[in-house]
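Please open the structure in your viewer and keep the selection panel at hand for the stops below.

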Amino acid sequence: MLGRARPAYSFLRVLYGEGLVIGYGGDPVASKVDFSLSSGEILAVIGYNGSGKSTLVKSILGVTPLLGGRLRWDAGRPTTPVGYLGQLTDFDRRFPMRVIDLAATGGWSQLGFFEGAGRRARRNAEAALERVGLADAADMPLHQLSAGQLQRALFARTIMQDAQLIILDEPFAAVDQSTEADLMALILDWSRQGCALILVMHNLSAVLEHCSSVLLMGRGGAAFGPTHEVLIPEQLVGLGYMAADKPYLNATAASTSAAKVGKYV
Amino acid sequence: MFEFLEFAFMRKAIAAVIILSLGMAPVGCFLVLRRLSLAGEAMSHAAIPGIALAYAVAGLSVLSMTLGGLIAGLSVALASTLLSRLTLLREDASMATLYLLALAGGIFLLSVRGTAVNLESFLFGNVLSLSDGTLVLIGSSTTLTLLVIALILRPLVLQSVDPAFAQSQSQRGWLTRSLFMVLVVLNLIAGFRALGTLMAVGLMIVPATAARYWVNALTPMILLAFAFSAGSGLLGLLLSFWLDNVPSGPAIILVAGLVFFVSLAIGQNGLNLIRRFRAPD
């Protein structure tokens, strides 16, 4: 954390939502959702299973229409697609593709309609794989990858997207500790370069350590604010994230902030 | 040895299977990779009533029969997608029901209509008696297929690998999906006269499946599928030319089946038998 280089420009608000109502097919999953996100900031989205975290992500991506409220982009909706790494429920690992091909697909949206992916795209993809520690596996077919390697490859694809807003939906769900640490470092790099990030995750100690603000989604509403104001037992229990009889934080990493919150428990 | 080239019908047949293979290879590969192999089979049956109806109305016209088949095949695809969205049943169940009904209706129509068109040649095709109109249809279908595949290749790949990511990149996924389904039905109909309604889908699926056993990237898979498909077409034609009483359609698919079993046995993604016997551990 010490000596973290700030981006040369100041924090610009990228996106904010006011009174969002989200859901599928007219049935609201969550309502009264407010948040705002600035460049260089990491916003953590947490909430119990089914609280609408992924639906919120899809609404921001424009995949699922909003049922109410306003989503405002301060500098207009980005012209290039938002960087996105979703849950892998529908991912087909048997598709005939090598690791480097998968990484390269992230850069496709920047190619012109008739433009081929040339040598430069190939070099970029190699550099992205290098960054996520997969340089040696570039030619491996997808079906031979471990869960951790696949997630690294998908982060390389996200690097290739070169986006100003990056949304990661439970990126650490199936990976081991060292992979999580490597990928978290990459996320912090993105933030240092001025990217705005939305991170859906369950690891509260990582949220406390790395995220500047939190959107806690829960029953009957959502809480948004700086991490230390939102991640308090009253909110966590009140919004259904933790049971009232055992409100503990799974703070395995002994961060000072986690200890601070621990006092309230 | 090459005396078969002296016959115009053989030259036409050879041209037909090779050109057909050019379009069917990429479509078949994506059909297999998108887990739609059986949907392809269903679509080929679903197109029959359209063709039968067009025949009943307009006679033996390649254009009207193609249009009729396209409309019927796509309607069944669309209806089964809609039913799966609106009701509890999954897409495969509604598709199976609809295509069986369509197939029954088609055969019913063909039989009631009478004997002018031979039901057997319709079901099993006859690549050795292709009209010029059919050749033009096959050529147009392949040209259109290659053009459209080139245009939708990237979204098609993204959708097949990671649908959620593809959705985040473009809101026009439905267009890619629909165009692909049109290509499937178009290629099936182009293959009907040559291979028959029951065999046309075979030249799409079997070579593509066999190719997957050898390679781990899309481009080589499509090229290999084309080689397998054209090779089986050629060999199947020669078999039915050289041997008496060997029908061409089934011969072609059986040769493709042989390629499939060889690939299954020794391909690196198949059983890989040779390597296993060489290095037992």
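The tour goes from the chain interface to two helix pairs.

This is a predicted model, in which local features need pLDDT of at least 70 and side-chain atom pairs count only at pLDDT 80 or more, while totals for chains, interfaces and linings use all residues. Residues are numbered from 1 along each chain as its sequence is written, and chains are lettered from A and ligands numbered from 1 in the order in which they are written.

Select chains A and B together: 19 residues of chain A are in contact with 19 residues of chain B (C-beta atoms, placed from the backbone, within 7 Å). On the side of chain A that touches chain B there are eleven nonpolar, four polar and four charged residues (Ala, Val, Leu, Ile, Met, Phe, Trp, Tyr, Cys and Pro count as nonpolar, Asp, Glu, Lys and Arg as charged, and the others, Gly among them, as polar).

Next, select residues 37-46 and 173-195 of chain B, which are helices α2 and α9, packed at an angle of about 60 degrees with their axes 10 Å apart. Helices α2(B) and α9(B) are therefore oblique to each other (neither under 35, over 145 nor 65 to 115 degrees). Their contact joins G40(B), M43(B) and S44(B) of α2(B) to V184(B), V185(B) and L188(B) of α9(B), with four nonpolar, two polar and no charged residues.

Finally, select residues 200-212 and 248-266 of chain B, helices α10 and α12, whose axes come within 8 Å and cross at roughly 15 degrees. That makes α10(B) roughly parallel to α12(B) (an angle under 35 degrees). Among the residues making this contact are G202(B) and L203(B) of α10(B) and I252(B) and F260(B) of α12(B).

Notes:
Axes fitted to C-alpha atoms, helices over the stretch in contact; angles between N-to-C directions. Helix = DSSP H or I, 4+ residues; strand = E, 2+ residues; numbered from the N terminus. Contact = placed C-beta atoms within 7 Å.
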